[in-house]
Amino acid sequence: MTIIASAPGKVILFGEHAVVHGSHAVAAALSSLRVFARLEPRSDNRVRIELLDLGVWWEDETSALGITRARGEAPEPPPSSKKPNGRALELARRLEAPLVAVAYLCAELCDAEGATLAVKSGGLPAGAGLGSSAAVAVACAAALCVGATGALRKDVANAWAFAAEVVQHGRPSGLDNALSCYGGGVVAVRRGAGLERNTLEIPPLKLLITNTRVARSTKELVAKVAAEFEAAPGPVRRLFDAIDTIALDFASACRENRVATPFVARLVRLNHALLRALGASHPALEAVADMATEAGAPATKLTGAGGGGCAITLLHDAEGIEIADDKVRRLVQKLRRRGFDCYQTDL
Ligand code: MEV
């Protein structure tokens with residue numbers, strides 16, 4: 001039986017990077033930007049992985065990934081603290097970078113009779129801060145879990161997706177895979193003892209997501225911020241605390257039904273300034289902020305790991321009034337002329 005699973009990307013409103021160090025974050029799944037995984041069981045003891053958008057594939061005997069589990073046997077429960085090792089991981093590491101996490105999941109969840117796992121983006125741009133790697137991991141983990149056990153257990157798929165994120169990013173917070181797996185509205189999460197998710201109801205906010213198309217690596221950016229923290233723990237802890245306060249203030253305002261758009265705009269600007277101080281911005285992201293401000297939308301921040309990738313702009317002016325459609329169109333044209341991609345969305 002062919003199994004198709006899909007998982008959405010995400011947008012972080014507040015709290016990226018600080019969430020890796022124990023702070024809260026507020027984020028939402030982007031249900032219209034997704035990744036699809038198609039699993040076809042086979043019986044020739046071979047495993048094939050295809051990343052269709054990248055034209056990258058890999059195929060070998062299941063034994064090359066160390067797969068020994070027979071069809072119908074449930075996979076081991078996902079490890080709580082992930083320290084991947086062994087032959088499968090070694091092999092996965094030698095594959096091209098985007099294949100690593102998928103190969104790792106295959107090695108852990110595939111059965112010995114083999115399978116073909118194909119991954120395709122449904123509009124979600126890769127490596128842009130919108131959670132594409134987590135969406136790939138969640139879609140693949142979901143398909144492989146159903147393939148292995150005949151049923152979807154989101155907690156299991158999420159735990160395996162987190163394990164894949166560890167393989168790919170080193171020290172993820174688990175925010176991206178949790179958002180992609182459980183979807184829903186906006187949640188506040190915190191690392192540490194575990195990821196606590198609270199659904200928040202927020203009033204409609206119009207957002208423009210701009211992909212600068214400047215390539216960057218989440219792993220490197222997370223390591224860069226961690227190095228700043230190590231070099232200057234006192235001041236950097238205070239930056240994390242300020243970001244934590246922003247996420248918590250926004251969450252409280254949502255819970256108490258008092259989200260005023262100018263207040264959100266202020267939080268967006270402050271959060272971006274703090275991320276810039278952490279070294280997570282990029283000239284292209286600053287250019288987006290300047291162009292949006294010129295167009296009358298003064299609140300832009302990077303979203304995701306930064307260093308390029310995506311920015312979000314609140315399509316509201318300083319008084320909270322929605323920016324008129326023709327002004328938004330002109331801004332989008334200007335951003336596209338600069339080589340950026342734009343997606344308009346509501347939260
Ligand atoms: C990446 O989308 C968000 C970061 O906070 C990393 C993470 O939470 O794992 C930069």
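Which helix gives the most to the lining of the largest pocket? In this predicted model, α2 does, with 5 residues.

## Basis of the model

Local features of the predicted model need pLDDT of at least 70, and side-chain atom pairs count only at pLDDT 80 or more, whereas totals for chains, interfaces and linings use all residues. Residues are numbered from 1 along each chain as its sequence is written, and side-chain values use heavy atoms, with hydrogens and water left out.

## The largest pocket

The largest pocket (an open set of points on a 1 Å grid over the protein atoms alone, where a 1.4 Å probe fits, with protein on both sides within 12 Å along at least five of seven lines) has a volume of about 980 Å³. Its lining (residues with an atom within 4 Å of a point) comprises 48 residues, and Gly 127, Ser 132, Ser 133, Gln 168 and His 169 lie nearest the centre.

Elements that each supply at least two lining residues include β1 (3–14), α3 (132–149) and α4 (154–169). Because domain 1 (3–190) and domain 2 (203–346) both give residues to the lining, the pocket lies between them. By residue class, the lining divides into 23 nonpolar, 15 polar and 10 charged.

## Cysteines

With a disulfide taken as a pair of cysteine sulfur atoms within 2.5 Å, the count comes to 0. The sulfur of Cys 110 is 4.5 Å from the closest cysteine sulfur, that of Cys 106, which is too far for a bond; Cys 110 is buried (under 20% relative accessible area, 1.4 Å probe, protein chains only), at 4%. For Cys 181, the closest cysteine sulfur belongs to Cys 145, at 9.0 Å, again too far for a bond, and Cys 181 is buried at 7%.

Notes. Points joined across faces, edges and corners; volume = space filled by probe spheres on them. Helix = DSSP H or I, 4+ residues; strand = E, 2+ residues; numbered from the N terminus. Nonpolar A, V, L, I, M, F, W, Y, C, P; charged D, E, K, R; others polar. Domains from an automatic or database assignment. Buried < 20%, exposed > 50% of the residue type's maximum accessible area, 1.4 Å probe, protein only.
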